[in-house]
Amino acid sequence: MAYPHLFQPFAIRGMTVKNRIVMAPMESHLGNADGSVSRELIAYYRERALGGTGLIIVEYTCVDGRDGFSSMAPQLRLDTPFYRTGHGNLAAAIKSGGARACVQLSHAGRQSREAVLGRQPVSSSAVPLQSFYLNAVPRALEEAEILRIVASYASAAALAVQAGYDAVMLHGAHGYLLQQFLSPLVNQRDDGWGGDSERRMRFPLEVIKAVRAAIGERPLLYRMSVSDFLEGGLTLEDSERIAPYLCEAGVDAIDISCGSLDRVDVIVEPMSVDEGWRLPMARRIREATGKPVLCAGVIRTPELAEMAVAAGDTDMISLGRALLADPLWANKARAGRPDDIRPCTSCNWCIMETGSNRGVSCAENPRCGHETDPPIDAFGAGRRAAVVGGGPGGMAAALLLDQAGFAVTLFEKRETLGGNLITSATPPGKEKLFWYHRFLLRRMAASGVDVRCGTTADAATILAIDPDAIVLASGSRPAPLMLESAGKLPVHPASAALLGDIALPPSTAECPIVIYGGGETGTETAQHLAVQGHQILLASRSDSRFLARNAEPLYRMHLLASLKAEPAIRIADRITLSGIEDDHVRLVGFDGVERAQPAAALLLAHGLVPDTRLSEALAGAGVPVMAIGDAMKVARIGEAVRDAYRTVQDLRRMVVEREAIAC
Ligand SMILES: Cc1cc2nc3c(=O)[nH]c(=O)nc-3n(C[C@H](O)[C@H](O)[C@H](O)COP(=O)(O)O)c2cc1C
Ligand code: SF4
C-alpha cells in the first residue's frame, strides 16, 4: 500500500481512527445565521468524510452564547440543547461518510468585538490585542463568571456527546480564552486564576476536569498554541512544561498549533512558509507528554505526511487548507495518486473570504463551500465551446467544459499555458503557485481539450470552430497613461518581466529599472528583479505605507519586510510619471516639482483594465459569450476560477434546467 504509516489505524482512548489523516477545524461560515447547522454545512463535511479523511474536527463552536462568540459571524453554537439536533445530523453525516466525528469547543474571550456581542468582550485581564482590527480593551472576568464559563464548556461537551460526536476538542490555541488565561502577556491577574504560571494554568485545568466529567470515556483533544511567537509570551519550553499537566487533568491528545490573532501569520501561514515547519515542535510536545499528538501547518503532500508519521514527529496529520483545495486528498493518497491531489498553495484566499464573513471557499476548488451544487455532468455532449486565454481561469473553464462533455478548443496567444499564474508564481516566496500551475497542466494534458497555443484569437478564428458557447478569459491590459511625451526608452508591462518575455538592459543605482506602480505587481516585480541583480526605483503614486495594499495581508507583511531589507530597491512614493524620454523618465513629486530620473527601462505596473475588445467584437455572434476573470473585472486567481465554475453552472442551467419544474 502507498504510504503505509499514514494509512495505519490509530486509537485515541479507545476511539479507533481508520488512518492518520485529520481534518483540522476551520470556521466555514456555512452554518445558519442563528449558529445552527445547515444543509450546506453538512454537505461540506460529508464530502470530506467521503474523501477518506479519518477524523473530522468540526470548526470552532461557541460554548457561551453570552460572551463567547468570536469576531466572526455566524459561528456555530452548542451552548443550549436547541443546537443539539443539528449537530446530531452533522455527526451522523460525517460518520456515515466513514470518518470519526469530533467538535471543537471554543470561547473567544477578548478575540471578539462589541458589535458581535452587544457588550464589552471579556478576558482573563483587561489587556487588549495588538491586532489592527481587534483592539478593544476587554473586561477582566469575575470569579463567578469564570466558574459559569467552566460549566458552559462542560455543558456543551455533554451536548456534543448526546449529539453523537466520537470525541471533543477544546480550542486552547490561537489566542482564545483558554490561551488568554495561560499567557503571561494577557493574564495579569493576581488571584486564584493568575499571578504565576501555576495559577495561570488553573482555568484550562478546571475546564478539562469539568469536560472530562461530562464526556466520560470519550476522547478529549486539546488544541494548543505551543508558542505565541510574541516577546514575553508563551514559548515552546513553557508548553513542554504545561502540556503534561493538561494530560494529567484528562486530555488524551494534543493538537499542535501556534499564535494568536496578534500573530495570525503563524496560524495560517502565508505562501513563503516552509512545509511541515511545526513538526519539530510536535515532536517535542509528544516527547514531553508521552501522549499522541496531531500536527497541522503547511502539510501538503502524502510524502511529507508519511515521513512525519514514520519518523515519530507526530501521530496524526492534521490537514486544514489542503482539504479545502481537495476533499479527496486521503483517497487519492491511498490510491497512490499524489499527483492528482489539487495542491493548496497557502495563497490564503480562503482566509480573505472568511475574513470578509463570506462562506468558506478555495481559489483552486470552486466547489468548496458549494457542495450542494449539482455535479457537473455530461450536459454539454454534442456541443462545442471556445475558450480564449490559457491563464488559470481559462484553464479551469476549459477543464470544466470538457468535464461537461463539450468539445473544447482553448486559444492562447503565448506559446505556453499559465498566464497570470506564472506572473504570480515568479516572485520570491511564491513558488508554491507553480504546484498549481503544474497540476493544471497535468489536468489539461489528460483532458480532451484542443489546446492551440501561439494563437491570437480574433472573432473570426473563434467563430470558425462554430462554438455553442464562448468563454473569454483573455485577461486585462495596462490602464491608459496620459503622458506628455513618449521617448525611445524601453517600456514594457511589469508582467512581461515576470513572465520572462523580455530581456532588460543592465541597470545601476544611478540608472535603475524604474517600476511605475506600488501595487502587488509593482512591488513583486521589484523584488524579483532585485534578486536577479538589478537596481530598482519603485515609483508609487500613493504613500509608501500603502504599498501592495490589496495583497493578502499575511503575505503582504512578509513582502513588505523583504522589500525593506533589499538594498537594491529604492522607493519613491507620492510620485506621478509625467513623461518618457530616450534615457530618462520625468516624475512629478507631491510638491508639484518635476524632475528627470535616468532610467535603463520603464516597467508599467500602474494598474490594469479588463480587455473587452473581443467581447465587443463578438457582441452580435448569436452565441452565449461569457467573460470571466480579468476580462470581466481585474481580480485574483480565486475570482477567475470561481467565474469559470459559475459560468459552467450557468450554462448547465441554460441547457438542462430550462424547465426545472413540471408543476
Ligand atoms: C478558513 C480557515 C478557518 C480556520 N478556522 C479555525 C478554527 O475554527 N479553529 C482552529 O483551531 N483553527 C482554525 N483554522 C486553522 C486551521 O485549523 C489550521 O491550523 C491552519 O490552517 C494551518 O494548517 P494548514 O496549513 O493545513 O491549513 C482555520 C484555518 C482556515 C484556513
Ligand atoms: S484558497 Fe489558497 S490557501 Fe486557501 S485552501 Fe485554497 S489554495 Fe489553499
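A crossing of two helices counts as left-handed if the near helix is turned anticlockwise from the far one by less than a right angle. In this predicted model, helix 14 and helix 16 cross in just that left-handed way. The pair consists of residues 392-403 for helix 14 and residues 432-446 for helix 16, with axes that come within 10 Å and cross at roughly 35°. On the helix 14 side, the contact is made by Pro 392, Met 395 and Leu 399, and helix 16 answers with Leu 440, Arg 443 and Met 444. Sorted by class, that makes 5 nonpolar residues and 1 charged, with no polar ones in the contact.

Turning to the ligand, 13 residues surround ligand 2. Cysteines feature heavily in the list of the closest ones: Cys 344, Cys 347, Cys 350 and Cys 362 are there, along with Arg 321. Two elements, helix 11 (321-325) and helix 13 (349-355), each give two or more residues to this shell. Helix 11 gives the most, with 3 residues. The shell as a whole splits into 8 nonpolar, 3 polar and 2 charged residues.

As for the overall layout, the protein chain is divided into three pieces: domain 1 spans 10-355, domain 2 takes in 384-477 + 610-655, and domain 3 covers 480-606. The centres of domain 1 and domain 2, taken over C-alpha atoms, sit 39 Å apart. Where these two domains meet, 8 residues of domain 1 are in contact with 10 residues of domain 2. The domain 1 side of that meeting is mixed in class, with 3 nonpolar, 3 polar and 2 charged residues.

Definitions and conventions:
Residues are numbered from 1 along each chain as its sequence is written. Chains are lettered from A and ligands numbered from 1 in the order in which they are written. This is a predicted model: local features need pLDDT of at least 70, side-chain atom pairs count only at pLDDT 80 or more; totals for chains, interfaces and linings use all residues. Axes are lines fitted to C-alpha atoms, for helices over the stretch in contact, and angles run from 0 to 180 degrees between N-to-C directions. Helices (H or I, at least four residues) and strands (E, at least two) are DSSP runs, numbered from the N terminus. Two residues are in contact if their C-beta atoms, placed from the backbone, lie within 7 Å. Ala, Val, Leu, Ile, Met, Phe, Trp, Tyr, Cys and Pro count as nonpolar, Asp, Glu, Lys and Arg as charged, and the others, Gly among them, as polar. A residue is near a molecule or strand if its C-beta atom, placed from the backbone, lies within 6 Å of it. Domain bounds come from an automatic or database domain assignment.
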